[in-house]
Amino acid sequence: MGVTLTIVIAVIVAFIVYMLVHRLIVRRTTQNAQEAALNQTNVAVKASLQRLVDDRFISEPAEFVKSTINPDGWGRGVMAFEYVIKLDHVTDDQLPILRQRLNHILAEFTEDYKIASADGAQQSAFFITDIWRHETRIHMSIAYLVNEATVEYLQDLHRLEHPEKGDRAE
């Protein structure tokens, strides 16, 4: 009985150690991928903000405040980021127009630099999912459609915004 109990305990301990090591490796790999995707998205966003000035869509350059990785609330590996920019002369009523224009510029950036999207139907590898103002700063959520998890995240957001068009079993 003592040998059997020792074997069972050893198997349980080995399983727990395996799960912990596996989780750490997967988490680190996901974080590295998200950081690389954030850096690539930063380049696209900064270029798009400069393009707004070059096209005289805005008169003063936007001040890039920060960018962060969204928490994994939607699932592991979702490449969604929040951006904070300071752009004083854009009103709340102009935010939808700004969003539309930035999405168009991001689509052109995707095409110019031949950045692949995991969603074949999507015109751009980058998509602004939300934009809002908080005090003097504008916040944007941007998805980088580099993997299936992010494409599914975008589809989930679309279902939330348009529940009448959601999946229905018929």
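## Tyr 144 and its stacked partner

In this predicted model, Tyr 144 is buried, its relative accessible area being 6%. Phe 126 is buried as well, at a relative accessible area of 1%.

## Aromatic pairs

Four aromatic pairs emerge from a search of the whole structure. One of them joins Phe 109 to Tyr 113: the ring centres are 4.6 Å apart and the planes meet at 40°, so this pair is classed as tilted. An angle counts as tilted because it falls neither under 30 degrees, the range for stacked rings, nor over 60, the range for edge-to-face rings. Phe 109 is buried, with 12% relative accessible area, whereas Tyr 113 is exposed, at 58% relative accessibility.

Phe 126 and Tyr 144 make up a stacked aromatic pair, with 4.6 Å from centre to centre and 20° between the planes. Phe 126 belongs to strand S3 (residues 126-134) and Tyr 144 to strand S4 (residues 137-144), so their pairing ties together parts of the chain that are 18 residues apart in sequence.

## The ring cluster

Which residues do ring pairs link into a cluster? The members are Phe 109, Tyr 113, Phe 126 and Tyr 144. Within this group, the buried residues include Phe 126, with a relative accessible area of 1%, while Tyr 113 counts as exposed.

## A charge over a ring

Phe 64 takes part in a contact of another kind: the charged end of Lys 46 sits over the ring of Phe 64, at 4.7 Å from the ring centre.

Definitions and conventions: Residues numbered from 1 in each chain as written. Predicted model: local features only at pLDDT ≥ 70, side-chain atom pairs only at ≥ 80, totals over all residues. Heavy atoms only, no water. Phe/Tyr/Trp six-rings, centres within 6.5 Å; stacked < 30°, edge-to-face > 60°. Buried < 20%, exposed > 50% of the residue type's maximum accessible area, 1.4 Å probe, protein only. Helix = DSSP H or I, 4+ residues; strand = E, 2+ residues; numbered from the N terminus. Lys NZ or Arg CZ within 6 Å of the ring centre and 35° of its normal.
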